[in-house]
Amino acid sequence: MTVRPLWLQSAAALSLLNTLVDRLDAAEHRGSMRAGSVSLGEKTWPALYKAERESDKEFLRSHVCDMARWKWLSVKPEMALRKAAGYAMSPKVTVVDEAAVRTAIGRPERTRSSLERWRAAVDAHLEASPSVKTLVSDFCIDLPGYEMAAVVERLNGLHGLVDKGLYLREVSSRLFWGMSKVLDKRQPMVNAILGLEECPFPELPIQLHVWLPEGESTGILFIENALSYEWAIGSLAPSLSGLVLVFASGFKGTSQRLRTPAGSSLYFSDKGHRSSNAEGEFKRWLYQDPAARLGLPVFFWGDLDFAGMGILAALRTSFPEAQAWAPGYELMLAALESGRGHVPEAAEKKGQRIVEHIGSEFADTRLIPALIRTGQFVDQELFRP
């Protein structure tokens, strides 16, 4: 058919055809040769079934009749094409001439998913063996404004940066147009491309801000938020007496690098006790083998939410003895149980994964059950023990 009616440009007609093509695309994506039929109804073609006037419904039904006559579609039962109110029979529509239907709505081929486009780009542009390409194909990088082919070609430049002494985020910045976080959590991909067992580009060291007390230390307290750390180092609260206070900027706790000289940088506060002996003792405690520890208890104090509990759980991978710090959390727990918490949405904390058990008795028996029961959180910065 060379001359097409204007109704093919109407929103109602396009909505039906796009629904049919969506089915075709879904079938192709799952590797099926058949898209199956579509039963017409309020969900699949609301323009017709929710139209208020019978004349409008009949006009839209005529569109299907036209396309069936052109052999674009088939309709079952065929009686639905001949009866004035045939749409009431919930007929099943199947695409017969896929090319014609796709041309009518300007969708000549299925839109590929990001992962499909990434795998095609890797296959075409990565300078590597088939086995390496298979591994890299699982690490989709979709950067807005950049073609995936260009992204893959930048990965080929990894070989030239191995001996430059760069951190992982420096490498990312050099390769990906100044974007420093592209390679975060993609070290296995980097290793595969370079043919190495271990990533040659280290992550940025975790920055540990440390306040040392006068005299003998009685324990180590890791504090989640900078404001609370600043308050604590100026506090005379008895509950803080003898504790080494640590603010771990950038700590995610997913590895043991916190306890290695290459994985962490120490910054001792001039507001605390400063001596080479005290600082050296802390370094020995931090970097020595766990079996040779001095027996100091380790505590964590942060937000009373699931993210905070997750940080404590992660901290325990580096310090298995770490526990929730009761003097700080008792105040927050009392506020939570008296109705002074906030819903996750109020503090942009929606979507936090529920943590049910982390191995800290106080957290497991009191804090986490309270979070689950109330469905609310409490921020650390509101409290001073």
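Is C199 buried or exposed? C199 is buried, with a relative accessible area of 16%. The views below take this predicted model piece by piece.

**View 1. The whole chain holds 15 helices and 9 strands.** The chain has a radius of gyration of 31 Å. The globule rule gives 21 Å for 385 residues, so the chain is more spread out than a compact globule. Along its principal axes, the C-alpha trace spans about 95 × 60 × 30 Å. Buried residues make up 44% of the 385 residues. Contacts between residues at least 6 apart in sequence often reach further along the chain: 68% of them join residues at least 24 apart.

**View 2. Six strands make an open, mixed sheet.** The order across the sheet is β7-β4-β6-β5-β8-β9. The edges belong to β7 (264-268) and β9 (323-324). Each edge strand has a single partner, so one side of each is left without a neighbour in the sheet. Strands of a sheet pair through backbone hydrogen bonds, either parallel or antiparallel.

**View 3. At one edge, β4 pairs with β7.** Strand β4 covers residues 206-211. It runs parallel to β7, and 5 bridges join the two. Look for I206 in β4. This residue stands opposite S264 in β7.

**View 4. Strand β5 is largely enclosed by the rest of the structure.** Why is β5 described as enclosed? Because 5 of its 5 residues are buried. Both faces of the strand are covered. On one side are G219, L221 and I223. On the other are I220 and F222. All of these residues are buried.

**View 5. Strand β5 pairs with β6 and with β8.** With β6 (residues 243-249), the pairing is parallel and runs over 5 bridges. G219 has L243 as its bridge partner in β6. Between β5 and β6 the chain passes through helix α11 (residues 226-233). This β-α-β crossover is right-handed. With β8, the strand β5 also runs parallel, joined by 4 bridges. There, F222 has F300 as its bridge partner.

**View 6. Helix α13 lies across three strands.** The helix covers residues 306-318. Under it come β5 (219-223), β8 (298-301) and β9, in the sense that α13 lies across each of them. Against β8, the helix runs at about 160°.

**View 7. C140 and C199 stand apart.** A disulfide is a covalent bond between the sulfur atoms of two cysteines. How many disulfides does a search of the whole structure find? The count is 0. C140 is in no disulfide, and its nearest cysteine sulfur, that of C199, is 19 Å away. Seen from C199, the closest cysteine sulfur is in C140, too far for a bond. The surroundings can be compared too. C140 counts as partly exposed, because its relative accessibility is 22%. C199, at 16%, is buried.

**View 8. R169 sits in helix α9.** The helix covers residues 168-175. R169 is partly exposed, with a relative accessible area of 38%. Which residues does R169 touch, not counting those up to four places away in sequence? They are S180, K181 and D184. R169 and K181 are 12 residues apart along the chain. Their C-alpha atoms are separated by 5.9 Å.

Notes:
Residues numbered from 1 in each chain as written. Predicted model: local features only at pLDDT ≥ 70, side-chain atom pairs only at ≥ 80, totals over all residues. Heavy atoms only, no water. Pairing = 2+ DSSP bridges. Contact = heavy atoms within 4.5 Å. Axes fitted to C-alpha atoms, helices over the stretch in contact; angles between N-to-C directions. Buried < 20%, exposed > 50% of the residue type's maximum accessible area, 1.4 Å probe, protein only. Right-handed = clockwise from strand over helix to strand, strands pointing away. Disulfide = S-S within 2.5 Å. Rg over C-alpha atoms; globule rule 2.2 N^0.38 Å.
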